[in-house]
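Please look over the sequence and the model below before reading on. The paragraphs that follow go through a helix, the cores, the cysteines and a pocket.

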Amino acid sequence: MKISYNWLKEFIEIDLSPEQVAEILTNTGLEVEVVEHYESIPGGLEGFVIGEVLTCDKHPNADKLSVTTVDIGSNIVLPIVCGAPNVASGQKVVVATVGSKVHTPDGAFEIKKARLRGEPSEGMICAEDEIGLSDNHDGIMVLPDNLQPGTPAKDYFKPDSDVVFEIGLTPNRIDAASHIGVARDIAAFLRQNRTIDLLKPDVSNFKPDNHNLHIPVRVENEDACKRYSGLTISDITIGPSPEWIQKRLKAIGLNPINNVVDITNYVLHETGHPLHAFDLDKMAGPEVVVRTTPKGTKFKALDEEVYELTEQDLMICDAEKPACIGGVFGGIDSGVTGTTKSIFLESAYFDPVWVRKTAKYHLLNTDSSFRFERGADPNCTVYALKRAAMLIREYAGGKIASDVIDIYPNPIAETKIKVYFKNVDRLIGKIIERPRITNILRSLEIEVLDETDEGVYVSIPSYRVDVTREADVIEEILRIYGYNNVEVPDKINSSLSYSPPVDNEKLVNLISDYLSSNGFAEIMSNSLTKSAYYNNLETHAPDNTVKLLNPISSDLDGMRQTLLFSGLEAIRYNANRQHPDLRLYEFGNCYKLKHEKSDNKSDNYHQYLHLGIFMTGLKAEPNWNTPEQKYTIYTLKKYAEGLMRRLGLSMDELKISPLEGQNDLYSEGLIYKVNHKIMAKLLVVNKHICESFDIKEKVYFGEIFWENLVESVQGKETIFKELPKFPEVKRDLSMIIDKEIKFTDLKAHAFKVEKKYLKRVNIFDTYEGKNIPEGKKSYALSFILQDEQKTLNEKQIDKIMYTFIHTYAKEFNAEIRQ
């Protein structure tokens, strides 16, 4: 948001420097990010003087150049080679002397002494575009004869200079999106030490010139358009706007167009209220109807793009067709042009939600939508309308041809709030004198309706749409009182905790280090996602998606339920850039909508932290002695179990089982549980999901239920244990078992029958097919045995293995293979 220092001083009498103003604005919550010096003529014409061309001869070595001598005063005559066709002796011209900088659309360059085709040149005779007055480059600029050589060009042209503040306007402070709004804040701050008035332009003398052009107005959608004001102006002459308006607009980065359009832009940046002018000769009827249109209606806007409207787009229509997207963008078929004679001038209050939805849906961001979607002032419509109409009458020769039409069926009441002094003291952290508090409120134009020993009852002005609660009023008091005036206390009170909670951040960093050191790259994606990802899913039903009321775009219209889709987006992005072999991980919150509704709205949503692990492609780039090896779900299993062990979770505590069948997200997978709580799911992502992201390789996705995992390891301590002095013993056992029997069952049974010496059980081979009976499979298991007190002898080992063989045969009908 750009604010002109000179423009500000029209509304508030101050003797403060721009730096002091910037400090006040920043201290009161309008952070000034940049202070830049603006010059209507770039460079301020430093080094440019008025000169007189004494002689002008044809260049001996160039047909299109002239050799001149120019008197620049103080008995100084410069030789200058000039390429302009209209240069002649006796002319008064603008000369850029050596060392000055000429600013052109292509950049600035410094004038230096030179020889052009053998002739000396010590300056430059300038055209209008080289001075910065216009884009005209037809020839040099010829000045009146009465000017004296040597006169500084800046004394003749009097270029305008200004200081422009770039304010980082927060979304809630739309009241400060204008020069009057910013001046109002400065005045509120200065009123703490002196009397100062806010000088708003007076419109009390407004009156119509005649009543020859009355246009009927009908508002069909009062929810979307809560107030609609307008009037007609006839006999307009379109032309350039006055120089003072052009200077104000140029200072804040706007290009002047014509007097009517410039005045509507001027009033917008003066008052903060958007206006729109319709060419009445292009309006059918003529009639103005505020309504929605059928879905699919075509509308050609000022940018010459054709937009397909929805039934949620509020349109300003004539008797036949849409003429403007209400509060967002005008139409090309009703806009003001050089031939416009009569206009209908609109000043309305549109509902912020309606404007925001339309602007985001059509990807439009205009000065008008910026203000309306944040909340304009409903009580400013008539003031802004009269202000613009009076300027158009003065500078476009128009006649106000109707009374103000003002349709406001349900006036918006000002917010009333009770503010308790005890809460002011508590939130600010300092006791402020009560008269000081009421003085601050009144300086902010907040009306004090009642005052007691307990607090004040106040009425909030309609332009402060962000002040709706007691805490908001207290924040207003604090920012004018001054954040820096609240002292840092000498002591800080804190309660001691004798059972420190789990340091989640520490655990996140621990696992991040573990994964990163194993070749994984961390990704960070937006919690907002495309809700269409969940369409037709059962695992993450669309009804569970938290939808945004006013999405930034259709691709970011919901909160993610899983980290899967953001990971697939990252895989697609990298694969499309020739990086298909990936190990990725992401910590991120996921969200779900609860179907059991609660009066407390925050209870209707569930937020949970997950860790997502992704693997796809090749483990390593193949070479002459390393064959191509792709990731498998067992690779993912290795790292998932590794991170759980790293957190202190024993594999003995985990119940691991395969996910039965397939669903809409995975073709196969594993699930890890502790005491019936899910710790992790390891999935092979369904082929059709990968194809929808144009991913050709298999994707393995590990979904770690982080909060459950942290809860399971809470209170666990890492205990140092001396390495055993006695060796481990490995014995293998091969058996044929029923196809339905799982390795986890065999492993659990082994630990059940041998608790003292059995350390680990692994499976190193499986086989089904030839020489194996139907409905059977072959498993090869290895058993790691160890006595930590002495070396196991063969007799002990054989006894343990016989126990395994006997119990497997009895419990699982296993046939031991020799």
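## A helix and its surroundings

In helix α10, the buried residues are Thr381, Val382, Tyr383, Ala384, Leu385, Arg387, Ala388, Ala389, Met390, Leu391 and Ile392. The model is a predicted one. Eleven of the 15 residues of α10 are buried, so the rest of the structure largely encloses this helix. The partners against which these buried residues pack are the helices α6 (243-251) and α7 (259-271), together with the strands β15 (225-234), β23 (343-350), β24 (399-400) and β25 (405-407).

The length of α10 can be checked as well. At 1.5 Å a residue, its 15 residues should span 21 Å, and this agrees with the 21 Å between its end C-alpha atoms. After the helix comes Gly397, which has a positive phi, near 70°.

Next, the nonpolar cores. The largest nonpolar core has 60 residues, and Phe165, Ile167 and Leu345 touch the most other members. Helix α10 (residues 381-395) supplies the largest share of this core, eight residues. What is Phe165 in contact with, leaving aside its neighbours within four places in sequence? The list is Met1, Lys2, Ile3, Tyr5, Leu8, Pro18, Val21, Ala22, Val32, Val34 and Val35. Another core, of 36 residues, lies apart from the largest one; its members include Leu611, Ile633, Leu670 and Met679.

The cysteines come next. A disulfide is a covalent bond between the sulfur atoms of two cysteines. How many disulfides does the model have? The count is zero when a pair of sulfur atoms must lie within 2.5 Å. For Cys56, the closest cysteine sulfur is that of Cys82, and at 7.4 Å it is too far for a bond. Cys317 is in no disulfide either, since the nearest cysteine sulfur, in Cys324, is 9.4 Å away and the cut-off is 2.5 Å. Is each of these two cysteines buried or partly exposed? Cys56 has 25% relative accessibility and counts as partly exposed, whereas Cys317 is buried, with a relative accessible area of 0%.

Last comes a pocket. The second largest pocket has a volume of about 640 Å³. It is lined by 29 residues, and those closest to its centre are Thr264, Asn265, Leu275, His276 and Leu302. Two or more lining residues come from each of α7, β16 (276-279), β21 (322-325), β22 (329-330), β23 and α9 (367-372). Helix α7 gives the most to this lining, with five residues. Both α7 and β23 also appear among the elements that the buried residues of α10 pack against.

Conventions
Residues numbered from 1 in each chain as written. Predicted model: local features only at pLDDT ≥ 70, side-chain atom pairs only at ≥ 80, totals over all residues. Heavy atoms only, no water. Core = buried A, V, L, I, M, F, W, Y, C linked by side-chain atoms within 4.5 Å. Buried < 20%, exposed > 50% of the residue type's maximum accessible area, 1.4 Å probe, protein only. Helix = DSSP H or I, 4+ residues; strand = E, 2+ residues; numbered from the N terminus. Contact = heavy atoms within 4.5 Å. Expected span 1.5 Å × (residues − 1). 1 Å grid on protein atoms, 1.4 Å probe; cavity = no way out; pocket = protein on both sides within 12 Å on 5 of 7 lines; lining within 4 Å. Points joined across faces, edges and corners; volume = space filled by probe spheres on them.
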